[in-house]
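Please open the structure in a viewer that lets you select residues by number. The tour below goes from stop to stop and says what to select at each.

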Amino acid sequence: MQLHELTIRESLTLLGQKKISSVELTEALLNRIRTYDKNLHSFITIRDEEVRKEAASADNQRKKKVSKPMLGIPVALKDNFLTKGIRTTSASPVLDDYVPQYDSTYAKKLKDAGAIIIGKTNLDAWGHGSSGEHTVHGVPHNPYARGYVTGGSSSGSGAAVAARFCAVGSGSDTGGSNRQPGSYCNVVGLKPTYGRVSRYGVIAMASSTDSIAHLTRTIWDSAYVLSIVAGHDPLDATTSTQKVNSYHETLMNNYQAKIGIPKQYFEGLNQGVEKSVRKALEILEKKGHSLIEISLPNAKYAYPVYCITVSSEISSNLARYDGIRYGFDRSKFQDEARRRIMIGTHSLSTGYADKYYKQAAKARTLLIRDYQKAFMKVDLIACPVYPFPPFKHQDRDLDPLQMYLSDVLTVTANLTGNPGISVPIEFVNDLPNGLQLIAPHFEESRLFRVGFDVEEELQMYKKKPRLIA
Amino acid sequence: MKKKKRSISPKDVRHVAKLALLKLKEGEVKKFSKQLSDVFEYVNQIGEIRTSNVPETTQVTNSTNRFREDKIDKGHMLLQEEALKESKQTYNGYFVVKAIFGEDDAAS
């Protein structure tokens, strides 16, 4: 048995049966990280001695019959999740030496559940990017294709989970940042409903679209962890009081969905991506779901609306970094953050706010109406995640607009607040690809249930990357 | 050949950089002028969307005000020492900030 191959579900079973210990599991993962991550750059901070102590303590608790849902399970957190006493950089030089005085709610919930934080993962600084290239900590390599991007901004969590460094890595999804590395790294990337998981202590990118969750290798793991981290948090007034389901318990339910296929989301796709997605849709049909063509008339405006809205919020959120209470001053911002701050500042400035920010806020209402109309006819929407397969490092980096347009299929769910997921499907020219599912608000169960049908048929989690030591 | 006028001129870039407290070098101003022009020329298409009588959306939770009791939660307070821990410059238990008014301002 290879310990690094274990999913959360399998680890919990074996820990419960005393066939493995948390110390063994943690050691195995740390050894693997130490062997391979210098060539992969998925971590910014790797914890060491403290982790061993925490694992030993978890084993002790288990002996004393303490019951916690993640007891002794190693997890990684994206480095924009505040972790008390553990350096948190957001991959920006502005926060290079920042050691938070408190935990994000997501981190605290996992710690309270008994999980062990083995390290903090790389990202596009501040969450700005969809390739993983905007970092000062080494650009992560795609574990399945060296020299290719991992997708972003949760690049390190995508790479780490795919590389079998851990079974779960957290991520924040503001415009696709969990679904995109999910797609490019052959793992499950989840973006829950806005307000389902607390944003408290996750360094804010765009406060009205930031959605917090994780990347895992299987649907069950994704659903299980969501059931632990979701819920109302008095420290984040936008969290919902709606009941949290045991999402992992309804994966086997009998369910036939009406799945909407938006014709606009299939225009201008790379042929390989389209073929792989269409094949996944056939699987869904075979499993008893029905496919219905739908139209989202405002789809082509989604990226421009997103760009204005999110850049405006970025310029406001990043205004607080002055180097007075923590971190360094504004001269440390790098180009991507500076570009987005300036796009946002311009969109909000006197003489332009009506033309840009307010017009985008109105158009956002139209995008929401498009989705609402669609969900009157269908239970789910299915489409690709990216319009093209993983690209090589630096291929798009030189032209910011070309890079931004890789987000066209993911940003709408952020503007509308809907939950979405990326499920691994057949590779395109030996490069990973994902199927995106989008559901009505708080219907994450549908994403997991239908995603599970794809997973069961294709079993892409069995496809292992070849790493270089 | 006449150069195409950029929608975000170097002057515009200097203006937004000043508003956002970013210091740019002259070469950077040119670079950002081109890049931001490309972006805005693409996003300008939102101008064609018909939005008269459409309300603005700025948040998607549908909730309005969330209230809580006006009680101090000691579980979420930092001691002065902890709060100051990450600051590069402190004085007598305070954060040190840059002077906002110069001596000339104070005199006038």
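What follows is a walk through some strands, ring pairs and charges of a predicted model.

**Stop 1: a strand and its neighbours**

Select residues 420–428 of chain A, which form strand β10. Of the nine residues here, eight are buried, so the strand is mostly covered, buried meaning under 20% relative accessible area.

Now add residues 188–191 of chain A, strand β5. Strands β5(A) and β10(A) pair in the antiparallel sense, over three bridges. To see one place where they meet, pick A:Lys191, which stands opposite A:Gly420 of β10(A).

Next add residues 431–438, strand β11 of chain A. Strands β10(A) and β11(A) run antiparallel and are joined by seven bridges. A:Gly420 appears again here: in β11(A), its bridge partner is A:Ile438.

Which residue in the hairpin of β10(A) and β11(A) takes a positive phi? Select A:Asn429, whose phi is near 50°. The hairpin has two residues between the strands.

While the strands are on screen, look at the side chains. In a regular strand they alternate between the two faces of the sheet.

**Stop 2: aromatic pairs**

Over all chains, a search of the whole structure finds 19 aromatic pairs. Select A:Phe81 and A:Tyr106, one of these pairs. The two rings are edge-to-face, with 5.1 Å from centre to centre and 75° between the planes. A:Phe81 sits in the loop between β2 and α4 of chain A, and A:Tyr106 in helix α4 of chain A, 25 residues apart. Are A:Phe81 and A:Tyr106 buried or exposed? Both A:Phe81 and A:Tyr106 are buried.

Move on to A:Tyr184 and A:Phe391. Their ring centres are 6.3 Å apart and their planes meet at 80°, so this pair is edge-to-face as well. A:Tyr184 lies in helix α6 of chain A and A:Phe391 in the loop between β9 and α12 of chain A, so the pair ties together parts that are 207 residues apart in sequence. A:Tyr184 is buried, with a relative accessible area of 0%. A:Phe391 counts as buried too, at 6% relative accessibility.

Then select A:Tyr98, A:Trp126, A:Tyr321, A:Tyr326 and A:Phe333 together. Ring pairs link these residues into a cluster.

**Stop 3: charges over rings**

Select A:Arg396 and A:Phe388. A:Arg396 lies over the face of A:Phe388, 3.9 Å from the ring centre. Finish with A:Lys463 and A:Phe427: A:Lys463 lies over the face of the A:Phe427 ring, at 4.6 Å from the ring centre.

Conventions. Residues are numbered from 1 along each chain as its sequence is written. Chains are lettered from A and ligands numbered from 1 in the order in which they are written. This is a predicted model: local features need pLDDT of at least 70, side-chain atom pairs count only at pLDDT 80 or more; totals for chains, interfaces and linings use all residues. Side-chain values use heavy atoms; hydrogens and water are left out. Buried means under 20% relative accessible area, exposed over 50%, partly exposed in between (1.4 Å probe, protein chains only). Helices (H or I, at least four residues) and strands (E, at least two) are DSSP runs, numbered from the N terminus. Two strands pair if DSSP finds at least two bridges between them. Rings of Phe, Tyr and Trp (its six-membered ring) pair if their centres lie within 6.5 Å; planes under 30 degrees apart count as stacked, over 60 as edge-to-face and the rest as tilted. A charge sits over a ring if NZ of Lys or CZ of Arg is within 6 Å of the ring centre and within 35 degrees of the ring normal.
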